[in-house]
Amino acid sequence: MEQYAIKGGTPLVGEVEIGGAKNAALAILAAAIMTDETVTIDNLPDVRDTNVLIQAMESIGVIVERIGRHSVKINAANVNSLVVEDDYIKKIRASYYLLGALLGKYKRAEVALPGGCNIGSRPIDQHIKGFRALGADVRIEHGLIITEAEKLKGNHIYLDVVSVGATINIMMAAAMAEGQTIIENAAKEPHVVDLANFLNSMGCNVKGAGTDVIRIKGVPRLHATEYTIIPDQIEAGTFMFAAAATKGDVTVKNVIPKHLESLTAKLIEIGCEVEESDDAVRVVATKKLTHTHVKTLAYPGFPTDMQPQITVVLGLAEGTSIVTESIFENRFKYVDELTRMGGNVKVEGNTAIIDGVAKYTGASLTAPDLRAGAALVIAALAAEGFSTVDEIQYIGRGYEDFHLKLRELGAQIDKVKTERDFQKFKLKVG
Ligand code: EPZ
């Protein structure tokens with residue numbers, strides 16, 4: 001299996017272009033099937049999750065024409081099945097966005113029940129609650145979620161937890177329902193707003209996205225649109241924290257600084273200099289970093305998808321830091337790997353107590369999931385000596401050309417397949 005070979009110790013310096021937001025793209029790709037006309041989507045990230053969702057769409061008869069690495073034309077006039085097979089769900093749980101899109105458009109859908117994953121149990125009770133509130137029958141049989149409705153009627157839905165997925169799925173199911181739907185306690189993430197803007201560009205009537213209360217007035221049909229996906233705040237944040245870990249000077253370009261505010265605030269708190277411009281943020285980390293406390297929260301709080309990355313950085317900061325993971329119940333698995341690099345992190349329940357150390361030392365590491373995998377790469381880039389990172393297919397789920405972008409910033413990193421390749425890498429970088 002391919003792995004990353006890394007020689008740590010080089011500060012990351014330079015500029016990096018940030019791609020389209022994976023978690024906005026997944027919702028928008030699914031929603032694109034709600035019209036029979038052709039939809040063009042630009043700034044699509046070329047990552048495994050979006051590519052698998054496109055395969056799932058093609059498996060039910062959606063025509064997807066690639067017009068460039070980051071652009072597609074989608075036409076769902078000839079959807080020939082409302083059943084999304086399990087192998088797509090097994091690969092990415094976000095295939096369940098097709099539930100909301102198919103139910104909203106065809107009043108019926110069957111999608112395999114997504115399993116848990118490495119960061120927690122990932123229930124979907126709020127999605128089901130929303131579909132039922134709109135008048136759909138929802139049952140789970142033989143591992144499939146089967147939902148259908150004579151008609152969908154708007155309703156007032158209170159989410160019991162702030163859920164990105166449930167907010168997105170219910171928004172799509174309500175888009176063509178009769179009357180108005182109100183979603184209370186809605187998720188406010190930038191990708192929720194991006195989906196609302198996309199749906200409105202197809203003729204929907206969605207108001208309030210980005211606040212706790214989203215109002216959707218159902219419309220009879222949706223039309224063609226051309227839409228550009230927002231930049232990925234988590235990819236941007238990952239490079240910003242990589243700059244902090246390696247005492248570098250990195251500018252992330254093609255970003256929306258407002259989406260990065262909680263990240264910028266923490267970087268400044270721990271001693272980085274941060275300069276913002278219209279569509280770029282520069283992080284300079286030449287001073288010794290200091291400790292802080294952080295708790296992951298729904299947007300605009302500090303994102304859970306940046307929790308591993310900040311923990312890795314705080315592991316090198318002076319003093320004791322505390323990181324509390326309030327969204328998922330099993331998102332500290334990577335800490336054992338950090339310990340093997342000399343990190344001093346103690347996990348108690350959903351809290352990590354981090355005593356900063358002077359340095360990490362290179363080790364052979366295994367990525368447990370997407371964001372923790374990226375965080376371990378950051379740790380290896382900061383470490384003294386050589387590291388390898390296994391299971392990097394997790395990282396490819398959400399980061400396009402991750403090691404190439406890092407190399408552009410001066411990182412000594414390569415993809416290797418065999419021990420011999422690794423030895424060659426070691427000789428090459430010296
Ligand atoms: C989305 O997952 C993202 N995935 C995750 O990013 C991200 O970590 C998460 O939102 C939080 O921001 C995509 O957008 C594809 P949730 P999602 O529903 O929608 C509970 C990545 O790295 N909950 O907001 O599954 C749930 O257990 C991925 O790109 C219910 O109880 O997250 C969790 O505790 C990892 N019932 C909390 O809500 C439900 O029906 C937030 O989950 C749904 C969720």
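In which loop is N43 found? Look between β3 (39-42) and α2 (48-59), and you will find N43 in the loop that links them. This is a good place to start a tour, and one thing should be said at once: the structure you are looking at is a predicted model.

Why pause at N43? Its phi is near 60°, a positive value in a residue other than glycine. Most residues other than glycine have a negative phi, and most peptide bonds are trans. A second residue deserves the same kind of look: N254 has a phi near 60°, again positive and again in a residue other than glycine. You can find N254 in the loop that runs between β15 (249-253) and α9 (261-269). For an unusual peptide bond, go to Y299 and P300, which are joined in the cis form with omega at about 10°. P300 belongs to the loop between β18 (293-295) and α10 (307-314).

Now let us turn to the strands. Strands of a sheet pair through backbone hydrogen bonds, either parallel or antiparallel. Go back to β3, just before N43's loop. β3 pairs with strand β5 (residues 72-75) in the antiparallel sense, over three bridges, and T40 has K73 of β5 as its bridge partner. β5 also pairs with strand β4 (residues 63-66), antiparallel once more, this time over four bridges. Here E65 stands opposite K73, the residue of β5 that we just met as the partner of T40. The hairpin of β4 and β5 has five residues between its strands, and in this hairpin G68 takes a positive phi near 150°.

A similar story, with a twist in direction, can be told around strand β23 (residues 386-390). Strand β1 (residues 3-7) pairs with β23 in the antiparallel sense over four bridges, and A5 has T388 as its bridge partner there. Strand β22 (residues 364-366) is also joined to β23, by three bridges, but these two run parallel. S364 is the residue of β22 that stands opposite T388. If you find T388 on screen, you can look for A5 and S364 as its partners.

Next, consider an open sheet of four strands, whose order is β10-β11-β13-β12 and whose pairing is mixed. Which strands stand at the edges of this sheet? They are β10 (156-158) and β12 (205-207); each has a single partner strand, so one side of each is left without a neighbour in the sheet. Ignoring direction, neighbouring strands here are turned by 15° against each other on average. At one end of the order, β12 pairs with strand β13 (residues 213-217) in the antiparallel sense over three bridges. Within this pair, K207 stands opposite R215 of β13.

There is another open sheet of four strands with mixed pairing, in the order β18-β19-β21-β20. Its edge strands are β18 and β20 (345-348), and each of them pairs on one side only. From one strand to the next, the twist averages 15°. β20 pairs with strand β21 (residues 351-355) in the antiparallel sense over four bridges, and E348 stands opposite T351 of β21.

Our last stop is the ligand. How many residues surround the ligand? The count is 26, and the closest are Q126, S163, V164, D305 and I327. Sorted by class, this shell has 13 nonpolar, six polar and seven charged residues. Several helices take part: α1 (22-31), α5 (125-133), α6 (164-174) and α12 (370-382) each supply at least two residues of the shell. The shell also draws on two domains, with at least three residues from each of domain 1 (3-19 + 231-429) and domain 2 (22-228).

Some contacts can be followed atom by atom. A nitrogen atom of the ligand is 2.8 Å from an N or O atom in the side chain of D125. An oxygen atom of the ligand is 2.7 Å from a polar backbone atom of Q126. With R371, the contact is again through the side chain: one of its N or O atoms is 2.9 Å from an oxygen atom of the ligand. How much of the ligand's accessible area does the protein cover? On its own the ligand has 820 Å² of accessible area, and the protein covers 87% of it.

Conventions
Residues numbered from 1 in each chain as written. Predicted model: local features only at pLDDT ≥ 70, side-chain atom pairs only at ≥ 80, totals over all residues. Heavy atoms only, no water. Pairing = 2+ DSSP bridges. Axes fitted to C-alpha atoms, helices over the stretch in contact; angles between N-to-C directions. Near = heavy atom within 4 Å. Polar contact = N/O pair within 3.5 Å; in protein donor to acceptor, adjacent residues only side chain to side chain. Areas by Shrake-Rupley, 256 points an atom, 1.4 Å probe, with all protein chains shown as cover. Nonpolar A, V, L, I, M, F, W, Y, C, P; charged D, E, K, R; others polar. Domains from an automatic or database assignment.
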